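Colleague: Could you take me through this structure slowly, and show how each label follows from a value and a cut-off?

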Amino acid sequence: MNGSVASGGYSEEIIRLARRPSGLGFNIVGGTDQQYIANDNSIYVSWIKKDGAAYLDGRLQEGDKILAINGKDLKDLRHKDAVELFRNAGYYVSLKIQRRLQPQNGPVGHGADGESGGLPLAAILVPGLALAATAVWILLRYRQRM
């Protein structure tokens, strides 16, 4: 991500999008009158339209908090006022977003690409299930011979 890391496990980023004929390609929730999260008046991305401007850009994610649009702070706005800002933002739109950083599994600094280095759950479960199925099959075959 090309953003700066903010305190408290959050990162901030500026995302610039070019509006498409269908719009920016995402929906928002929140506001002073429609809190998405209790005691939080912020505006959040609730859905990203496949093949929309935000989807094609690839950086905006569902759950991102939108702090500002074209430099205009979205703090303490009613939902409909925030929607109106988005509708009237023009062709090129600059979004300042905040995203909660995902916690890392395993030791800190393990894996240069942000991966935890641990095995995926499927790598443990699939062989275990295969082994259990084989054991049941052998047991059933053994019982048939007796």
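**Reasoning from values to labels**

Modeller: Reading this predicted model along the sequence, one meets the pattern β-β-β-β-α-β-β-α-β-α, which comes to three helices and seven strands.

Colleague: Where is the place of S42 in that pattern?

Modeller: S42 is found in the loop between β3 (26–30) and β4 (43–48).

Colleague: Why does S42 count as buried?

Modeller: Its relative accessibility is 17%, and the word buried is used for values under 20%, so S42 counts as buried. In the protein, 26% of the 146 residues count as buried.

Colleague: What makes the link between the side chains of S42 and D40 a polar contact?

Modeller: The two side chains are joined at 2.6 Å, and the cut-off for such a pair of N or O atoms is within 3.5 Å, so the pair qualifies as a polar contact.

Colleague: Which residues is S42 in contact with, leaving aside its neighbours within four places in sequence?

Modeller: Those residues are V29, G30, G31 and K65, where contact means that heavy atoms lie within 4.5 Å.

Colleague: How do you know that β3 and β4 pair?

Modeller: Pairing needs at least two bridges, and five bridges join β3 to β4, so these antiparallel strands are a pair; F26, for example, has I48 in β4 as its bridge partner.

Colleague: What makes β4 and β5 a pair?

Modeller: Two bridges connect β4 with β5 (residues 65–69) in the antiparallel sense, and at least two are required, so the criterion is met. I43 has its bridge partner, I66, in β5.

Note on methods. Residues are numbered from 1 along each chain as its sequence is written. This is a predicted model: local features need pLDDT of at least 70, side-chain atom pairs count only at pLDDT 80 or more; totals for chains, interfaces and linings use all residues. Side-chain values use heavy atoms; hydrogens and water are left out. Helices (H or I, at least four residues) and strands (E, at least two) are DSSP runs, numbered from the N terminus. Buried means under 20% relative accessible area, exposed over 50%, partly exposed in between (1.4 Å probe, protein chains only). A polar contact is a pair of N or O atoms within 3.5 Å; within protein, one must be able to donate a hydrogen and the other to accept it, and residues adjacent in sequence count only if both atoms are side-chain atoms.
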